[in-house]
Every structure is written in C-alpha cells, then in structure tokens.
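Me: Could you take a close look at one part of this model with me? I'm new to this, so please go step by step and show me how the part fits in with what surrounds it.

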Amino acid sequence: MDNEKITVPVVEPEKKPYVKDIDSGLASLQKEVGGYIQAVYPFEEPVAIICDEEAKLKGSQLNRTLRDDEGHIYDVVAGTFLVVGMGEEDFTSLHPDHIKKFSDFYHTPEMFIKMDGKLVVLPLREEKPKAKKPSVLNKLNDLKEQDSPSGGKNPMQRRNADGYG
C-alpha cells in the first residue's frame, strides 16, 4: 500500500497545522517527520500521532504538549508530527470531521521556556498586523496645513508677506 495517498494534518513547531496529501508508506511517513516513526495514541478516537521517535534525543524543537483529561502535561512532542487515521493494518486518511477537530485542537502553536528547572509552556498568539501610523513629522505638517489659511505657509512667513513682521 506504499502508493496510496492519505490526507492528514501536519503540525510543525511554532506553526499552525496544515492539511497535506502524502503517500501512506513507511518511507513517506519518515520523510514527513524527519526520522524513524513512532506512533502515539493519546486520543479516544481511532487516530494516532506519528512523530520522529528520536526527535528529543536529536534536540529537535519542542512542538506541542500532550495533556491528560484534567489538562496536566504528561509529555511533549518534539519536531514535526502528523495526525493519521488507523486502519486494520496501516495508517489511513483522517475523516474530514477529524481533520477539522485535530487541526483546531493544535491550532495554537506553543512556546517552551525552561525556568527554575521547570518547563513553562505558553501559547504563541498570532500577531495581528498593526495599522500603519503616521509619523510625528506627518502629523505636524498636517496640523500646520489645518492652521494656515494661506495653504501651508507657516505663520511667520504669512506675517512678513502681509507686512507684519
């Protein structure tokens, strides 16, 4: 079944998941995660996380946490991973409902900081583009134009032209 395509969410460190069609064979799965594959089964649904089994040993970037039902972290997945469906003998595409569910579940990337011997996990929020603000110089020029009845001359120039200076 090496040539069968499967549709799965791909989750890279510090990025939102994206959906990709990949070959279901071992070589393709290894290529996607960057090493020997390991299957992890943290969910009740018939899905697996496919990750590089040596990612932590290789010092790959930490990616997402695995949490228990109470929200406590019990493990961290390092490197890129896939969320795949489980067939009788191999991994399969996820059902579209599961693609949405797990893409949403892993939507917010996480940042990892070691502090006082503990791992602190923070969500990486998407920065919204800021509106371009005019410079102080542009604001001053706009104010000058508003105050000046003579179309932009400064008050000193106007007085001299009118004979008041």
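Reply: Let's warm up with a charged pair in helix α2: aspartate 104 and lysine 100 are four residues apart there, so about one helical turn separates them. Their side chains meet in a salt bridge, at 2.7 Å from N to O. Keep in mind that this is a predicted model. Lysine 100 counts as exposed, at 54% relative accessibility, while aspartate 104 is partly exposed at 44%. As a rule, side chains of opposite charge can pair when their charged atoms come close.

The structure holds eight salt bridges, and another of them brings us to the part I'd like to look at closely, helix α1. Lysine 20 pairs with glutamate 32, their closest N and O atoms being 3.1 Å apart. Here lysine 20 sits in strand β2 and glutamate 32 in helix α1, so the bridge ties together parts that are twelve residues apart in sequence. Which of these two partners is buried, and which is partly exposed? Glutamate 32 is the buried one, at 16% relative accessibility; lysine 20 is partly exposed, at 31%. Leaving out residues up to four places away in sequence, glutamate 32 touches Lys20, Ile22, Thr80 and Leu82.

Now for the helix as a whole. It covers residues 26-33, and its buried residues are Ser28, Leu29, Glu32 and Val33. Why do we say that they line one face? Look down the axis of α1: the buried residues fall within an arc of 125°, so they line one face of the helix. Turn to the other side of α1 and you'll find Ala27 and Lys31, which are exposed.

What does the buried set pack against? The answer is a whole group of strands: β2 (18-23), β3 (37-40), β4, β7 and β8 (91-92).

Serine 28 is worth a stop of its own. At 16% relative accessibility it counts as buried, because the cut-off for buried is under 20%. Not counting residues up to four places away, serine 28 touches Ile22 and Asp23. The C-alpha atom of serine 28 is also 9.6 Å from that of asparagine 3, although the two residues are 25 apart along the chain.

Aspartate 23 turns up again in a salt bridge with lysine 5, with 3.4 Å between the closest N and O atoms. That pair links distant parts of the chain, since lysine 5 is in strand β1 and aspartate 23 in strand β2, 18 residues apart. Lysine 5 is exposed, with 52% relative accessible area, and aspartate 23 is partly exposed, with 27%.

Follow the chain just past the end of α1 and you reach glycine 34, which takes a positive phi of about 85°. Most residues other than glycine have a negative phi. Two residues that aren't glycine have a positive phi as well: glutamate 14, at about 60°, and aspartate 116, at about 50°. Glutamate 14 is in the loop between β1 (5-11) and β2, and aspartate 116 is in the loop between β9 (110-115) and β10 (118-123).

Some of the strands behind α1 also feed the nonpolar interior. In the largest nonpolar core, which has 14 residues, Ile49, Phe81, Val83 and Tyr106 touch the most other members. At least two residues of this core come from each of β4 (47-52), β7 (81-86) and α2 (96-105), and β4 gives the largest share, three residues. A second, separate core has eleven residues, including Leu29, Ala48, Ile50 and Leu82. Leu29 is also one of the buried residues of α1, and Leu82 is among the residues that glutamate 32 touches.

To place α1 in the bigger picture, the chain has four helices and ten strands, and 30% of its 165 residues count as buried.

Definitions and conventions
Residues are numbered from 1 along each chain as its sequence is written. This is a predicted model: local features need pLDDT of at least 70, side-chain atom pairs count only at pLDDT 80 or more; totals for chains, interfaces and linings use all residues. Side-chain values use heavy atoms; hydrogens and water are left out. A nonpolar core is a set of buried Ala, Val, Leu, Ile, Met, Phe, Trp, Tyr and Cys residues joined through side-chain atoms within 4.5 Å. Buried means under 20% relative accessible area, exposed over 50%, partly exposed in between (1.4 Å probe, protein chains only). Contact means heavy atoms within 4.5 Å. The arc is that of the directions from the helix axis to the C-beta atoms. A salt bridge is a side-chain nitrogen of Lys or Arg within 4 Å of a carboxyl oxygen of Asp or Glu.
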